[in-house]
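I opened a fresh page for this chain and wrote down what I wanted to look up: the fold, the surface, the main pocket and a few single residues.

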Amino acid sequence: MLLIGVAFQLGLSAGAPLAAAAYGGRAAQSDGRLPPGYRLASLVTAAVLAGIGWLLLLHGGLLAAAPLAGPVVRVAVWVVAALFALNTAGNLTGRHPLERWGMGAITATLTVLCVLLAIGG
């Protein structure tokens, strides 16, 4: 699911005409693309999502971690779950159906999965 988000944000940063489905549709230009500042923000978002993926793999035990990383990573997973919950709320207020229902469903699912990982990890 994170890879879907990464791919979407990379597409936006590369100039894909999907701007109406991102940032509440506020930044869409007449050609459907994002302006340069928002394209940079999408590139940063893609990197952050990739970093979150690394964090979740680390917490899930699929990557080796330093011995003291456990408590720090567990707290970070809770923070990520909260951020996904906030992002879901934002997505659900979007005007475009892809943002509202597509990305809203993905971030809601990621919220639940992060909570389950934080509890069980």
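Before reading the fold, I noted that helices here are DSSP runs of H or I with at least four residues, strands are runs of E with at least two, and both are numbered from the N terminus. I also kept in mind that this is a predicted model.

**Entry 1, fold.** With that definition in hand, I read the chain along its sequence and found the pattern α-α-α-α. My tally of the elements gave four helices and zero strands. I then looked up the extent of the C-alpha trace, which spans about 50 × 25 × 15 Å along its principal axes. For the contacts with a separation of 6 or more, I noted that 54% join residues 24 or more positions apart.

**Entry 2, surface.** I looked up the accessible surface of the chain, which comes to about 6700 Å², and carbon and sulfur atoms hold 75% of this area. Of the 121 residues in the chain, 36% are buried.

**Entry 3, largest pocket.** I next turned to the largest pocket and recorded a volume of about 560 Å³. Its lining is made up of 28 residues, and those closest to the pocket centre are Q9, T45, N87, N91 and T107. Which helices supply the lining? I found that α1 (2-14), α2 (36-59), α3 (69-92) and α4 (97-120) each give at least two residues to it, and that the largest share, six residues, comes from α3. Sorting the lining of this pocket by class, I wrote down 15 nonpolar, ten polar and three charged residues.

**Entry 4, salt bridge.** How many salt bridges does a search of the whole structure find? The search returned one, and I traced this salt bridge to the side chains of R33 and D31, with an N to O distance of 3.0 Å. I then asked whether the two partners are buried or exposed, and both fell in the class between: R33 counts as partly exposed because its relative accessibility is 30%, and D31 counts as partly exposed because its relative accessibility is 41%.

**Entry 5, L10.** I located L10 in helix α1. Its relative accessibility is 38%, so I entered L10 as partly exposed. Leaving out residues up to four places away in sequence, I found that L10 touches L43 and A46. I also looked up the separation between L10 and W78, which are 68 residues apart along the chain, and their C-alpha atoms are separated by 26 Å.

**Entry 6, Y23.** I picked out Y23 for its backbone, since its phi is near 55°, a positive value in a residue other than glycine. I placed Y23 in the loop between α1 and α2. Why is Y23 classed as partly exposed rather than buried? Buried means under 20% relative accessible area, and Y23 has 22%, so it is entered as partly exposed.

**Entry 7, H59.** My last entry concerns H59, which I found in helix α2. Is H59 buried or exposed? H59 has a relative accessible area of 12%, and therefore I listed it as buried. For a distance within the chain, I took H59 and A47, which lie twelve residues apart along the chain and have C-alpha atoms separated by 18 Å.

Note on methods
Residues numbered from 1 in each chain as written. Predicted model: local features only at pLDDT ≥ 70, side-chain atom pairs only at ≥ 80, totals over all residues. Heavy atoms only, no water. Buried < 20%, exposed > 50% of the residue type's maximum accessible area, 1.4 Å probe, protein only. Contact = heavy atoms within 4.5 Å. Areas by Shrake-Rupley, 256 points an atom, 1.4 Å probe, with all protein chains shown as cover. 1 Å grid on protein atoms, 1.4 Å probe; cavity = no way out; pocket = protein on both sides within 12 Å on 5 of 7 lines; lining within 4 Å. Points joined across faces, edges and corners; volume = space filled by probe spheres on them. Nonpolar A, V, L, I, M, F, W, Y, C, P; charged D, E, K, R; others polar.
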